[in-house]
Amino acid sequence: MGKVFVCDHPLIQHKLTYIRDENTTTKDFRELVDEVATLMAYEITRDIPLEKVQVRTPVTTAECRVISGRMLGLIPILRAGLGMVDGILKLVPAAKVGHIGLYRDPDTLEPVEYYAKLPTDVQERELIVIDPMLATGGSANAAIEALKKRGCTQIKLMCLIAAPEGVQAVQKAHPDVDLYVAAIDDHLNDHGYIVPGLGDAGDRLFGTK
């Protein structure tokens, strides 16, 4: 079963409060999401392996550590996932970015892939699928499945807020995928919105309704 990590650092929780606030402007919302993504990136990259190198300091030679060549890939789910990418890239600028676009079929209510553009070496990378909201889990599961069908095996999921229903859905469908969130909220309402949540992340990021 995939592990669930709640990133409860005080700075993350403080900023998440203002992300939830309906009075937060689009500009501030976008900046706060970017900042929280950077802070969460510390946690999601915690297990990246290191290797020893020799560095010449102004005083002597020191044995230090650097990341041991692990290649990362960021896979935002369009469109809301885009709001978290730059925040992660601030810490791991060498990561490559792919994109997966999904829409919900109005008849079946199932997610349908309409766009996928991934790094050519995506199978060799440790991938972080990014979506601010994990509600029913449908989009996240579809994106993860799309990656697995293309031969990807090292996948993590990163979200700002999750509903318990979404967490359970991802764990059931993809027990090999670890999940990183800033908060697990109470439940989904009848319209599929996370409660208390923050509304529609895409609309609030891009100023649309």
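These are my notebook entries on helix packing, two cis peptide bonds and two buried charged residues in a predicted model.

**Entry 1: helix α4**

I began with α4, which covers residues 138–149. I counted 12 residues in α4 and a reach of 16 Å from the first C-alpha to the last, close to the 16 Å expected at 1.5 Å a residue. I then listed its buried positions: G138, A140, N141, A143, I144, A146 and L147. For reading such a list I kept in mind that an α-helix has 3.6 residues a turn, so residues three or four places apart point the same way. Just after α4 I noted G151, which has a positive phi of about 90 degrees.

**Entry 2: α4 against α5**

Next I looked up how α4 sits against α5, the helix of residues 164–173. Two packed helices are described by the angle between their axes and the distance between the axes. For α4 and α5, the axes come within 9 Å and cross at roughly 25 degrees. Angles under 35 degrees count as roughly parallel, so I entered α4 and α5 as roughly parallel to each other. The crossing is right-handed. On the α4 side, the contact is made by A140, N141 and I144; on the α5 side, by A169, V170 and A173. I compared this with the burial list and found A140, N141 and I144 there as well. Sorted by class, the contact of α4 with α5 has five nonpolar residues, one polar and no charged.

**Entry 3: α2 against α3**

I repeated the lookup for α2 (residues 26–44) and α3. Their axes are 7 Å apart, and the packing angle is about 50 degrees. That angle makes α2 oblique to α3. I recorded a right-handed crossing for α2 and α3. From α2, the residues involved are V33, D34, A37, T38 and A41. They meet G83, M84, D86, G87 and I88 of α3. By class, I have five nonpolar, three polar and two charged residues in the contact of α2 with α3.

**Entry 4: cis peptide bonds**

I noted a cis peptide bond between L78 and R79, with omega about 5 degrees. R79 lies in the loop that runs between β4 (72–78) and α3 (82–89). I noted another cis peptide bond between V195 and P196, where omega is also about 5 degrees. P196 belongs to the loop between β13 (194–195) and α6.

**Entry 5: D203**

Which residues does D203 contact, apart from its neighbours within four places in sequence? I found R79, T208 and K209. R79 is also the residue joined to L78 by a cis peptide bond. D203 itself is in helix α6, residues 201–206. Its relative accessibility is 17%. Buried means under 20%, so D203 counts as buried.

**Entry 6: R125**

Is R125 buried or exposed? R125 counts as buried, because its relative accessibility is 5%. I placed R125 in the loop between β7 (111–117) and β8 (126–130). I then checked its C-alpha against that of M71, which is 54 residues apart from R125 along the chain. The two C-alpha atoms are separated by 5.1 Å. Leaving aside neighbours within four places in sequence, I listed M71, L72, G73, K96, P119 and Q154 as the contacts of R125.

Note on methods:
Residues numbered from 1 in each chain as written. Predicted model: local features only at pLDDT ≥ 70, side-chain atom pairs only at ≥ 80, totals over all residues. Heavy atoms only, no water. Helix = DSSP H or I, 4+ residues; strand = E, 2+ residues; numbered from the N terminus. Expected span 1.5 Å × (residues − 1). Buried < 20%, exposed > 50% of the residue type's maximum accessible area, 1.4 Å probe, protein only. Contact = heavy atoms within 4.5 Å. Axes fitted to C-alpha atoms, helices over the stretch in contact; angles between N-to-C directions. Parallel < 35°, antiparallel > 145°, perpendicular 65-115°, else oblique. Left-handed = near helix turned anticlockwise from the far one by under 90°. Nonpolar A, V, L, I, M, F, W, Y, C, P; charged D, E, K, R; others polar.
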